[in-house]
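Work through the exercises below with the model open. Try each task before you read its solution.

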Amino acid sequence: MSVMLLALSMALLGCSNESVDKEGANASSESSNMITFAWPRDVGAMNPHVYNPNQLFAQSMVYEPLVSYQDGGELKPHLAESWEISEDGTEYVFNLRQDVKFSDGTSFNAEIVKKNFDTILTNLDLHSWLGFIPMITQTEVVDEHTFKLTLKEPYYPTIQELAVVRPVRFLGEAGFPEDGDTSEGIAQPVGTGPWVLDEYKVDEYAIFKRNENYWGELPNVEKIQVKVIPDAETRVLAFEKGDLDLIYGEGVISLDAFKQLESTENYETSVSEPVATRQLVMNTNKEQLSDVRVRQALHYGFNKEAMVEGVTSGLEEKADYILPTNFPYTSNVDVTTADYNVEKANQLLEEAGWKLPEGKNIREKDGKPLEFEIMYDSAESIQKVMAETLQSEWAGLGVKLNIVGVELATQVERFKANEFDMNFFSNYGAPYDPHTFVNIVATKGFGFREAISSYPNTEELLNQIDEVKQTTDENERQQLYTTILGSLQDQGAIVPISYIKKIAIYQKNVSNFTFPANRDEHPFTGISVNE
């Protein structure tokens, strides 16, 4: 599950159906310096301010942020050369680059930055999921290349949230519709980024050409062609035929197909650092799961390493922490890891009063069986196989696990409505976490807050989560995150399973492929194709 879940869960489905189809577009356009790759969906209307069906990687090719998210969570200047934050954490002054032009030749300046922010604020309900946006009380042009943002209270993740792909990226003046409301569509996709949409046929292909007037380092390749191929097996066949140079992303082909292609040694492959943690969330509102000993027993009671190795063919790795440790503020979390230990699991269940009656294979307490339901996304084969593995392993402990596959929208709604025993989830990744994850935990009506309701320190945790967002002291912030993440995990309602990774497989003549630190960014910055 990717940031798509965030969009669904926060009802971020506003989007435009307009297109920028170019007459006479030729899907077979050939270039000796072009990368062709496949994507399961159309790139969308290329509107920087809205969500589905606009595709994140494509939006990031054309539109740029004030701040960029780099490896290790480092936040670097991008369209803003520098920034200053007031001592109380409520005022942000951005010094903008002076050498930046939009792809149509118009200037990037504080006026257009303000216009983009004000348009986003006009549709606050659409964008309020991003924490700093509802905090904004004023946008101000200080001078041509200085922009000021004022918040109603301190919110430290502001700079980090400015690095996300949408909605705070910048559309040129010519891209705005007459009424200025981009939530209903844009006139044309005019950005400052290294790529310009050149040719486009809905549901067939899009070709992006290099922006020769780009202010930064020019891409090595002249064009990127995106072929829309919805079926994963068809993508593999197209790649094997040589019709594609690159397959990239999460879940874009099956792990078996990736491993098979890798084994031929005919292609180059790359696997990213962890981009998210696959988690199992246990609902402590349910009587049987309100006992921490039961939750811990279930954690001890399955061989996580063997399951992850078997289900993902070693592509993912066993997760010891609920957030990957390559995110900001996550590397110092001190938790007790639960290694596979059936004896310990049985001991904890016995201590919790769950006995195995003679002649039965399901534990009971006060005449009730130890029985749960696990919900998974029916379109996610990995979740299904993991659920089946848990079912088998826990049966050996005397625990009955019922498995139910549902559509993603149903999974999200049931989670929010607290209508679940156990649920698969994954965090949002860079640049959203850790703050977005802990914010969601504290949000009523999402699922997590209800799931941790029986924690003995719930109120203390919620206060700490509220406090960490307003910290202006870096050391205090680190300590708060260490405490919050450690407590969430040690209480056993959020079980880390595996670290999700992106894959890439590409032809031998493609070189310099690197994964972006931002989970949603495009991967074409330095990529080359050799003759």
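**Exercise 1. Confidence**

Task: Find the mean pLDDT of the protein, and decide how to treat residues 1-29.

Solution: The model is predicted. Its mean pLDDT is 92. Of its residues, 94% reach 70 or more. Next, take residues 1-29: pLDDT stays under 50 there. The model still has 80 contacts beyond four places in sequence for this stretch. Where pLDDT is low, predicted coordinates should not be read in detail.

**Exercise 2. The four-stranded sheet**

Task: Give the strand order of the open sheet with four strands, then place the helix that packs on it.

Solution: The order is 4-5-7-6, with antiparallel pairing. Strand 4 (80-85) and strand 6 (136-143) are the edges, each pairing on one side only. On average, neighbouring strands are turned by 20° against each other, direction ignored. Now add helix 3 (residues 110-122), which packs on the sheet. Helix 3 touches strand 5 (91-96), strand 6 and strand 7. Its direction makes about 165° with that of strand 6. Finally, check the pairing of strand 6 with strand 7 (residues 146-151): six bridges join them. Glu 140 has Lys 148 in strand 7 as its bridge partner.

**Exercise 3. The six-stranded sheet**

Task: Name the edge strands of the open sheet with six strands, and list what helix 11 lies across.

Solution: Start from the order, 14-20-13-19-17-18, where the pairing is mixed. The edges are strand 14 and strand 18 (400-406). Inside the sheet, two bridges join strand 17 (residues 371-377) to strand 19 (residues 422-426), and these strands run parallel. Met 375 is bridged to Asn 423 in strand 19. Helix 11 lies across strands 13 (276-282), 17, 18, 19 and 20 (494-500). Helix 11 runs at about 170° to strand 18. Helix 12 (residues 408-416) also packs on the sheet, at about 135° to strand 17.

**Exercise 4. A helix pair**

Task: Describe how helix 9 and helix 11 cross, and classify the contact residues.

Solution: The axes of helix 9 (residues 304-312) and helix 11 (residues 381-395) come within 10 Å. They cross at roughly 140°. The crossing is right-handed. Helix 9 contributes Met 307, Val 308, Val 311 and Thr 312. Helix 11 contributes Ile 382, Val 385, Met 386, Thr 389 and Leu 390. By class, that gives seven nonpolar, two polar and no charged residues.

**Exercise 5. Aromatic rings**

Task: Is the pair of Tyr 329 and Tyr 481 stacked or edge-to-face?

Solution: The count of aromatic pairs is 27. For Tyr 329 and Tyr 481, the centres are 5.2 Å apart and the planes make 20°. Planes under 30 degrees apart count as stacked, so this pair is stacked. Tyr 329 sits in the loop between strand 14 (317-318) and helix 10 (342-351), and Tyr 481 in helix 16 (residues 474-490). They are 152 residues apart.

Key
Residues numbered from 1 in each chain as written. Predicted model: local features only at pLDDT ≥ 70, side-chain atom pairs only at ≥ 80, totals over all residues. Heavy atoms only, no water. pLDDT = per-residue confidence, 0-100. Contact = heavy atoms within 4.5 Å. Pairing = 2+ DSSP bridges. Axes fitted to C-alpha atoms, helices over the stretch in contact; angles between N-to-C directions. Left-handed = near helix turned anticlockwise from the far one by under 90°. Nonpolar A, V, L, I, M, F, W, Y, C, P; charged D, E, K, R; others polar. Phe/Tyr/Trp six-rings, centres within 6.5 Å; stacked < 30°, edge-to-face > 60°.
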